[in-house]
Amino acid sequence: MEHEEPPRGPHPVEEDYTPPPVRRALWYVIGAWAFGAPFFSVVSGAAFTAFLIRYLKASDFAYGLIMAASPAAMVFLFLGSYAAERSGRIKRSFLIFSAIQRLSWLGVAAIAAWTPNLPAGVRLALVGAIVFLSQAAANYGGAGWSAWMSALVPKTIAGRYFGVRARVGMASMVVVSTSVVYLLQRLGSQGWVYGLVFAVAAVLGTLDILLFVPVPEIPRAAEGKPPTLTDILVTPWRNRVFRSFATYTAAVWFGYVLVGSFVWRFCFDPVRAHGLGLSVLQAHLLLVILPVAIMAWASPVWGHAIDRFGPKPVLVISSLAAVFVPLGWSVAHPGVMWLVWATSAFSGLTWPGAEQVNFYMIVKGFPDERRTAFTAAFQCVLGLAVTLGTVVGGVLAAFWQAHLHQVPFAPPWLSHYQPVFFTSTLLRLGAFIYLLLRVHLGGTTPYGTVAREIAADLSNSLPGGKSAARRLRRRGPR
C-alpha cells in the first residue's frame, strides 16, 4: 500500500501516556459516551424532527435549511485546529466550547416552552440560529479531540475499543430516546414537553463533557515555526490517502443524506399523502430502536475487523451493502411494511462498517503530524456534503411534490420522497464504482475472506452460533 505520510513532528505519541492512567482514562471516555449518545439522539433524532414538523409546522424548505445549519458550521473546525496546533493544547478548549454547545440547547428548550405567541417563522429562525451557533462552538472546541484520543488510545485496539464505546452509547441512547418518544407520543402537542426534553438533553450532554475532566492530556510541544491558517487549510490536501478518502466520503455522504434527512418525513406523512402514516413512537421503533439495537451488537465486530484486516476491505463491504438500502425505501408503502422493517434492520447491520472506518481514520488513520488539520478538513468536507445534500434533497422533494402527478405509470402509493431515495441509490453506486475502489487505505486481504470473517464473528456472537461460524470460516481460502 502506498501511503504518503509526512515525518513525525515533535508531538508526543501514545507511549507518552503511561499504562495505568490510560486504562482509567479509557473507561472515562466510554462512560462519557453513555451520556453523549442520548444527547445527540434527542437533538438530531425523532424528538427534534417532531418538534420541527409537528409542533412548529416547518415546510420542506425550512426543515431542510435547519437540518443544514449544523453541518454548515463545520468551517469553525479550521479555526479550532489552528488554535490547537499553535498552542499544543486541546483539553481546555474542548471542555469549555463543548459545554457551551450542550448548554445552548437550553435556548431551544426556552423557545419551545415560553414563546407560544411568537410567529412560527420567527421561532424556526431562532431555532436554526441556535443550532448553527451550538455546532460552531462544538467544532471549535472539538477540533483537537481526535488528536487527543489518538495519543491516548493504543492503535492495536482502536477499532475494537471504539466499537465497544459505540455499543455502550447505543444502549444508553435506546433507553433515553425511547422514554422521550413515549412522552412525546402522549403529550407532544404541548410546548413545555419539548422544553423539558431539550433541557434534559442539555444536562446529559454536559455530563458527557464533565467526564472528560479527569482524562489526562500531555500538551504537545509547539513547532519551531507555528503553522499559519494557510498551513492548516493546505496540509491535508497534499496527502494522497486523505484526498482519495475525503473525495469518496463527500460523494457518498451526499447520497446518504438524501435518505437520512427525509425518511422521517416519509414515515410521518399520512397514508392519504402517500406516506407510511406512522406515529412518533412507531417511527422511532423503526428508525432508531431496531437499527440501533442491531448496531450495538454489530459495531464491535466491524471495529475488530478493522484492527485485523485494515479499513479498506471493511469500507468496501459495508459501502456495497449500503448501495441497496435506499431501494427498500424507494418501493416502500403501507402494504409492504415487512420490507420497511427488513430495510431498517439491514441498515443497522451494515452501517457500523462505514461508521467505524470513518471514526478510525479520524483518530488513527491520518498522519500524526497536524492531525487536527486533517480532522478539520475531513469534517468540513463531510459537513459540506451533508449541507448540500440536505438542501438538494429539499429542492428535489419540492420538485417531485409539484410534478409527480405528471409521471406516467406511477403507482398510486408513490410518495414524492421516493424518487429522492432512488436518486440516493444512483449516487451511492456511482461513488462505489468510480471512487471507492481507488481509495488508498490500509488492508489487502481479499474482500470475500473479510466478509466471511465478519459474518462468522457476527454468527459466533449469537446464542448457538459457533457451529455456523465454523462453517463460514471453512468456505474458501484464508
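Q: In which helix is the place of Phe346?
A: Keep in mind that this is a predicted model. Phe346 counts as partly exposed, at 36% relative accessibility. As for its place in the chain, look along residues 337-365, which make up helix H17.

Q: Which residues form a nonpolar patch on the surface with Phe346?
A: Phe346 has 36% relative accessibility, so it counts as partly exposed. The patch it belongs to has about 550 Å² of accessible area, taken together. Its partners there are Leu320, Phe324, Leu327, Phe422 and Leu426.

Q: How many helices and how many strands does the secondary structure of the protein come to?
A: Some of the numbering already helps here: helix H14 covers 280-309, and helix H20 covers residues 447-460. No strand turns up in the tally for this protein. The full count is 21 helices and zero strands.

Q: What radius of gyration does the protein have, set against a compact globule?
A: The C-alpha trace spans about 65 × 60 × 40 Å along its principal axes. For 478 residues, a compact globule would come out near 23 Å, and the protein's own value agrees with that. That value is 22 Å.

Q: What share of the 478 residues is buried?
A: Buried here means under 20% relative accessible area. Asp208 is one residue that passes, because its relative accessible area is 3%. Over the protein, the buried share is 55%.

Q: Among contacts between residues at least 6 apart in sequence, what share joins residues at least 24 apart?
A: A contact needs heavy atoms within 4.5 Å. Phe212, for instance, is in contact with Val29 and Ala32, among others. For the protein, the share asked for is 84%.

Q: Which residues have the most contacts inside the largest nonpolar core?
A: That core has 69 residues. Leaving aside neighbours within four places in sequence, Phe212 is in contact with Val29, Ala32, Lys91, Phe94, Leu95, Trp145, Trp148 and Met149. Two names in that picture, Phe212 and Met149, are on the list of residues with the most contacts inside the core. The list in full is Met149, Phe212 and Phe245.

Q: How many residues does the second, separate core have?
A: The largest nonpolar core has 69 residues. Set apart from it is another core, and Val42, Met170, Leu184 and Leu276 are included in this one. Its residue count is 67.

Q: Which residue meets Arg102 in a salt bridge?
A: The side chains come to 2.8 Å, N to O. Arg102 sits in helix H5 and its partner in helix H10, so the pair ties together parts that are 106 residues apart in sequence. Arg102 is buried at 6% relative accessible area, and the partner is buried too, at 3%. That partner is Asp208.

Q: Which residues are joined into one network by salt bridges that share partners?
A: Of the three salt bridges in the structure, one joins Arg308 to Glu453 at 3.2 Å, N to O. Another has Asp457 meeting Arg308 at 3.3 Å, N to O. Arg308 appears in both pairs, linking helix H14 to helix H20 across 145 residues in one case and 149 in the other. The network is therefore made of Arg308, Glu453 and Asp457.

Q: Which member of the Arg308 and Glu453 pair is partly exposed?
A: Partly exposed falls between the 20% and 50% limits. Glu453 has a relative accessible area of 4%, so it is buried. The other member comes to 37%, which means partly exposed, and that is Arg308.

Q: Is Lys57, with its positive phi, exposed or buried?
A: Lys57 is not a glycine, yet its phi is about 60 degrees. It is found in the loop between helix H2 and helix H3. Its relative accessibility is 61%, and the limit for this class is over 50%, so Lys57 is exposed.

Q: What relative accessible area does His274 have?
A: His274 also has a positive phi, about 70 degrees, although it is not a glycine. Its loop runs between helix H13 and helix H14. His274 counts as partly exposed, with a relative accessible area of 32%.

Q: What separates the C-alpha atoms of Thr156 and Thr449?
A: Thr156 is found in the loop between helix H8 and helix H9, and at 66% relative accessibility it counts as exposed. Along the chain, Thr156 and Thr449 are 293 residues apart. In space, their C-alpha atoms are separated by 21 Å.

Terms used. Residues numbered from 1 in each chain as written. Predicted model: local features only at pLDDT ≥ 70, side-chain atom pairs only at ≥ 80, totals over all residues. Heavy atoms only, no water. Core = buried A, V, L, I, M, F, W, Y, C linked by side-chain atoms within 4.5 Å. Buried < 20%, exposed > 50% of the residue type's maximum accessible area, 1.4 Å probe, protein only. Helix = DSSP H or I, 4+ residues; strand = E, 2+ residues; numbered from the N terminus. Salt bridge = Lys/Arg side-chain N within 4 Å of Asp/Glu carboxyl O. Patch = residues over 30% accessible without salt bridge, like charges linked within 9 Å, V, L, I, M, F, W, Y side chains within 5 Å. Areas by Shrake-Rupley, 256 points an atom, 1.4 Å probe, with all protein chains shown as cover. Rg over C-alpha atoms; globule rule 2.2 N^0.38 Å.
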